[in-house]
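Q: Please take a close look at a single part of this structure and describe how it is built into its surroundings.

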Amino acid sequence: MRAADSTGQTDNFYALLLVVIGGALISLFYFTGLFGSDDLAYINGAAGFGQAPYYALLGAARYTISVPLRVMLELSGNEPQRAAFGFVVVFIALALAVYFLAGKIYDKRVALLSSVLVVVNPVLFFFAGAVLPDNMLSILFVAAVLLFACWYQCVRSNPSSGGWSLFLASTFAALCYVTKEAALAFFLPVAVYALWTIRKLPLPLAARHLGWGLGGTVCVLLGDLLLSYGIFGDPLIRFTVAKNMNVVEEAAKFMSYQGSTPVERFHYAYGQFKALWPAVPIYLASILFLVWQHRSVSRFVCSVDGIVSLSAVWVMLFLTFGTISLHEYVGIPIQVRYYAPAAVLFCVVLARAVSPWLASTTIWRAAAMVLLTALMIYQVTFPAERAGDIYRAREFRAFQAAVSNAQERFPGVPVYAGDYFSFRALGYGPHHGVSPVKGNLHGGSEAIIIYNPAEAAKHADAWPLRCLSTADAGVTDITSEVAPRMARTRMDGVEAELGFFDWSMTETKPRVLVIMVERDGRCRSD
């Protein structure tokens, strides 16, 4: 028996090692690095912490991101691009967390398959190589839900047990709030289950479990208040920043094209996940299959499977139709990566649903293997054409390439960035050999300036851009000489109709405009 156990543990170890290696390879293939958007707030927040730029204060106050990121920056020599590789480790940690936590409430087969499904899920790996909070949030969320499920199992078998599981579950739930404030609403199903279970217990036991549940949350929130006061001098810094950043008003702008009614928002969400729809029905059908396994809806709802499944469905519905304001309906901006916590639980649900098939010796085993293999291959391969292409990543890489090519092609000529790239590309800290054009460049100076094309169009009447149309003015367009090859991108004005992984209706256009200003040009500054 011991030999068999040892063999099983060895097999699990090697299988888990393959999951880690596979997850690392997939996330590195889809690695993005810096992309000049949300990562600016987190990197500046972690680097500056209490002295962070104002727009980065919310990123600094999300300590579950800023503290690990600060460590990554220190280990990488304060090079943000290198530090971004630390989030590949976060992605692998997510798969490992799912394996060990799912193994607490299910068997090893379910745990291993869950972790495999996590590393091949595009909602998770597509954003793994970027400084974003969603995979970290997913670790905390799945820990909270599965530890709560563990407590639920314990209480049903022995009402006086499971206290520490509930304490840890509530701790991780509060950490989810610290990571992303709206995540507090993710735990509505868990709260309902907890109150429904506790109310059936004798009063002394109910009070004890309620204390365990509240204890973890209180400890984390109290620590958050004290830490915020110590660093920023404001215990409610996240609320102060959110108010001053007009978070609700900014979110309301998304509703203009994402929709303000349930039908409109469902249509938009469908469009964003359109390329994933061949796989989505499989995940949703797994919940129905679990209901069938339990032989009744009531048994399913009162089971651990019900907790995990309903939590996944609730998060998906909340992110699609929920509101971030208690005073008026302001829909949560619909973005693919926001659904990461739900995606992780759906991986566990699917693994739990097909596990009995894999344990059988009938044709259903072969069918399950074919289904899972096809699903995994499709999910890993269909977004490959857009690997590393999230948000403004192409613009950022085009800027970097233009800088490198300009410095090589015109050595000794100073390179400047327009306002757009001064924020998006230089906002991470000093960029070797590049300065913002504003306040640094004056007439009579030789220079190369890199603009965002849309920015340049808006300032076409200002110096030195207005000189491009004047012959022999000493200002020339050198984009074709130093800019990278034109990259395929979404056509202007159709983003609302396209899915995030959709390449249809695309065109080619340059991501930068590069001009040369000659020292003795006839066109002078204003």
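A: Two strands are said to pair if DSSP finds at least two bridges between them, and it is in this sense that the partners of strand 7 are described here, in what is a predicted model. Strand 7 covers residues 513–517 and runs antiparallel to strand 4, to which three bridges join it. Within this pairing, D477 stands opposite I515 of strand 7, while T476 stands opposite M516. Strand 3, residues 447–451, also pairs with strand 7 in the antiparallel sense, here over five bridges, and in that pairing Y451 has L513 as its bridge partner in strand 7.

These pairings belong to an open sheet of five strands, ordered 2-1-3-7-4, in which the pairing is mixed. The edges are taken by strand 2 (434–436) and strand 4 (475–477), each of which has a single partner strand, so one side of each is left without a neighbour in the sheet. From one strand to the next, the twist averages 30°.

As for the side chains' surroundings, five of the five residues of strand 7 are buried, so the strand is largely enclosed by the rest of the structure. The cover extends to both faces of strand 7, with L513, I515 and V517 buried on one side and V514 and M516 buried on the other.

Conventions:
Residues numbered from 1 in each chain as written. Predicted model: local features only at pLDDT ≥ 70, side-chain atom pairs only at ≥ 80, totals over all residues. Heavy atoms only, no water. Helix = DSSP H or I, 4+ residues; strand = E, 2+ residues; numbered from the N terminus. Axes fitted to C-alpha atoms, helices over the stretch in contact; angles between N-to-C directions. Buried < 20%, exposed > 50% of the residue type's maximum accessible area, 1.4 Å probe, protein only.
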